[in-house]
Amino acid sequence: MFGIIDYGTFVITCVLLNLIPGADTMYILSRSMSQGRSAGLYSALGITAGTIIHTLLAALGLSLLLVKSIVAFTIVKWLGAAYLIYLGVKMFRDKSQFGNIEHISGGSNKRTLFVQGMLTNVMNPKVALFFLSFIPQFINPSESTAVTFVLLGFTFTMTGFIWSVVIASVAGVLSGKLQKNQSISHYLNKIMGSILVLLGIKLFASK
């Protein structure tokens, strides 16, 4: 149907791939651990929106142009790495109370978390490369359309979102327990900020 080959295997593969810790997982984990479950969930929503954008761009063929252009690919990669490092440094220097619900309850802060999550995903060209190399394996070229790519992309996005919610929820519960330990909560933002900086450096150094 719709030119999709073995949809069941595709779904299982998506689930297994999402279980492998990656940049998105670590980002959501960092937000959840340092700012609580709500921050993790809004970050997960942002990353999901970013994945949807990648799906639509890949379906329209724009991602292929990005991957084929070494200059464009490098520029986007550097921007993504710089943004991760910026967020990491900002979190490292954040002196707000760990797990303070009011710190993220405002509408502007929710939007900020959403947008930041989305940008970390959109500005990672490796996500575009993944979509263009993974999804076509489950598409029949003679029957495929843009709709085929979108359906598979949305399937991967939804499995990733479900896993992200699980991560944010579990990490949020753990962060609440850690909040009671002042010596740990004092350093948690610095630890999680350092993780984001390392992710940015890793992306910058990748080929």
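This is a short tutorial dialogue on reading burial, contacts, cores and a cavity in a predicted model.

User: Let's start with one residue. Where does L203 sit, and is L203 buried or exposed?

Analyst: Happy to begin there. The general idea is to place a residue in its element and then look at its relative accessibility. L203 belongs to helix 10, which covers residues 182–205. Its relative accessibility is 9%, so L203 counts as buried, the cut-off being under 20%.

User: Which residues is L203 in contact with, beyond its neighbours within four places in sequence?

Analyst: Setting those neighbours aside, L203 is in contact with K77, G80, A81, L84 and N124. Sequence separation is worth reading next to distance in space: L203 and P125 are 78 residues apart in sequence, yet their C-alpha atoms are 9.6 Å apart.

User: How does F114 read by the same steps?

Analyst: F114 is in helix 7 (residues 107–122). With a relative accessible area of 29%, F114 is partly exposed, because that value lies between the 20% and 50% cut-offs. Leaving out neighbours within four places in sequence, its contacts are Y42, L45, G46 and A49. From C-alpha to C-alpha, F114 and A49 are 8.7 Å apart, with their positions 65 residues apart in sequence.

User: Now the nonpolar cores. Which residues of the largest one touch the most other members?

Analyst: First the general idea: in soluble globular proteins, nonpolar side chains tend to be buried together. Here the largest nonpolar core has 19 residues, and Y27, I28, M33, L84, L87, M192 and L196 touch the most other members. At least two residues of this core come from each of helix 2, helix 3 (37–60), helix 5 (70–93), helix 9 (146–179) and helix 10. Another core, of 13 residues, lies apart from it and includes C14, A58, F131 and I139.

User: What is Y27 in contact with, away from its neighbours within four places in sequence?

Analyst: Y27 is in contact with S43, I47, L84, L87, Q116, G117, T120, L196 and L199. Among these, L84 and L87 also appear in the list of core residues that touch the most other members.

User: How many cavities of 30 Å³ or more are there, and which residues line the largest?

Analyst: With a cavity, it helps to take the count, then the volume, then the lining. The count is 1 cavity of 30 Å³ or more, and the largest holds about 30 Å³ of space. Its lining is made up of A23, D24, Y27, L84, T120 and N124. Helix 2 (residues 23–35) gives the most to that lining, with 3 residues. By type, the lining divides into 3 nonpolar, 2 polar and 1 charged.

Methods. Residues numbered from 1 in each chain as written. Predicted model: local features only at pLDDT ≥ 70, side-chain atom pairs only at ≥ 80, totals over all residues. Heavy atoms only, no water. Helix = DSSP H or I, 4+ residues; strand = E, 2+ residues; numbered from the N terminus. Buried < 20%, exposed > 50% of the residue type's maximum accessible area, 1.4 Å probe, protein only. Contact = heavy atoms within 4.5 Å. 1 Å grid on protein atoms, 1.4 Å probe; cavity = no way out; pocket = protein on both sides within 12 Å on 5 of 7 lines; lining within 4 Å. Points joined across faces, edges and corners; volume = space filled by probe spheres on them. Nonpolar A, V, L, I, M, F, W, Y, C, P; charged D, E, K, R; others polar. Core = buried A, V, L, I, M, F, W, Y, C linked by side-chain atoms within 4.5 Å.
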